[in-house]
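Q: Please take a close look at the open space in this structure and at the residues around it. Explain each term when you first need it.

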Amino acid sequence: MSTPSADDITWMRRAIELSHKCPPSEGAYSVGAVIVGKDGQAIATGYSREEDPKVHAEESALGKLSEGDERLTGATIYSTLEPCSERASRPLGCSQLILKAGIPRVVIAWREPSLFVADCQGVELLEQAGVEVVELPELAEEARAVNAHLNVES
């Protein structure tokens with residue numbers, strides 16, 4: 001894990017704001033995501049269930065960009081929850097989508113609890129592929145708060 005910057009806190013707070021836009025679901029987390037280019041500007045944003053009841057936040061943000069968008073190779077994606085490592089509704093988890101997009105840095109607020117997936121391996125998959133992963137435990141409670149209806153604590 002790498003050390004966060006002041007900008008990391010700012011962008012994660014924006015992702016947390018986005019998570020509050022998620023339509024509530026008893027079967028999925030409410031998550032926000034922001035993709036920021038190396039110039040420090042937001043490239044795309046997304047949140048869970050934004051336009052599709054099965055879409056995840058990272059998938060939503062990535063879906064707003066062209067495949068092969070050169071800005072992604074120097075970008076950071078901020079996600080309020082650890083990117084998923086597997087999904088029942090899609091062939092690729094968000095970790096794989098991030099790897100496919102070529103994003104070299106991921107910042108998360110909290111790790112996925114075992115509520116829906118027994119052992120999420122998102123961080124491990126990303127790190128094994130050479131992606132820099134930064135965790136912001138000081139913002140974990142803010143990221144979890146929007147998911148209070150799921151009774152998750154960690």
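A: The largest pocket holds about 480 Å³ of space, where a pocket is an open set of points on a 1 Å grid over the protein atoms alone at which a 1.4 Å probe fits, with protein on both sides within 12 Å along at least five of seven lines. Its volume is the space filled by probe spheres set on the points, which are joined across faces, edges and corners. This is a predicted model, in which local features need pLDDT of at least 70 and side-chain atom pairs count only at pLDDT 80 or more, while totals for chains, interfaces and linings use all residues. Residues are numbered from 1 along each chain as its sequence is written, and side-chain values use heavy atoms, with hydrogens and water left out.

The lining of the largest pocket has 24 residues, and G27, A28, Y29, H56 and R87 are the ones that lie nearest its centre; to line a pocket, a residue must have an atom within 4 Å of a point. By class, this lining has twelve nonpolar, five polar and seven charged residues, with Asp, Glu, Lys and Arg counted as charged, Ala, Val, Leu, Ile, Met, Phe, Trp, Tyr, Cys and Pro as nonpolar, and the others, Gly among them, as polar.

R87 also leads to V55, which touches Y47, S48, R49, E50, S60, R87 and R90 when residues up to four places away in sequence are not counted; such contact means heavy atoms within 4.5 Å. V55 sits in the loop between β2 and α2, where helices (DSSP H or I, at least four residues) and strands (E, at least two) are numbered from the N terminus. The relative accessibility of V55 is 11%, so this residue counts as buried, a word that stands for under 20% relative accessible area with a 1.4 Å probe and protein chains only. Although V55 and R90 are 35 residues apart in sequence, their C-alpha atoms are 9.1 Å apart in space.

R49, one of the residues that V55 touches, is likewise placed in the loop between β2 (42-47) and α2, and it counts as buried because its relative accessibility is 9%. Its phi is positive, near 60 degrees, although R49 is not a glycine. Most residues other than glycine have a negative phi.

The second largest pocket holds about 240 Å³, and its lining consists of E59, L62, G63, L65, S66, E67, G68, D69, L72, L97, K100 and A101. Two elements, α2 (57-62) and α3 (94-101), each give two or more residues to this lining, and α3 gives the most, with three. Five of the lining residues are nonpolar, three are polar and four are charged.

Beyond the pockets, the largest nonpolar core, a set of buried Ala, Val, Leu, Ile, Met, Phe, Trp, Tyr and Cys residues joined through side-chain atoms within 4.5 Å, has 24 residues, of which M12, V34, Y78 and W110 touch the most other members. Two or more residues come from each of α1 (6-19), β1 (32-36), β3 (76-81), β4 (105-110) and α5, and α1 gives the most, with five. Apart from this core lies another, of 18 residues, which includes A61, L72, I103 and V133; L72 also lines the second largest pocket.

Note on methods: Buried < 20%, exposed > 50% of the residue type's maximum accessible area, 1.4 Å probe, protein only.
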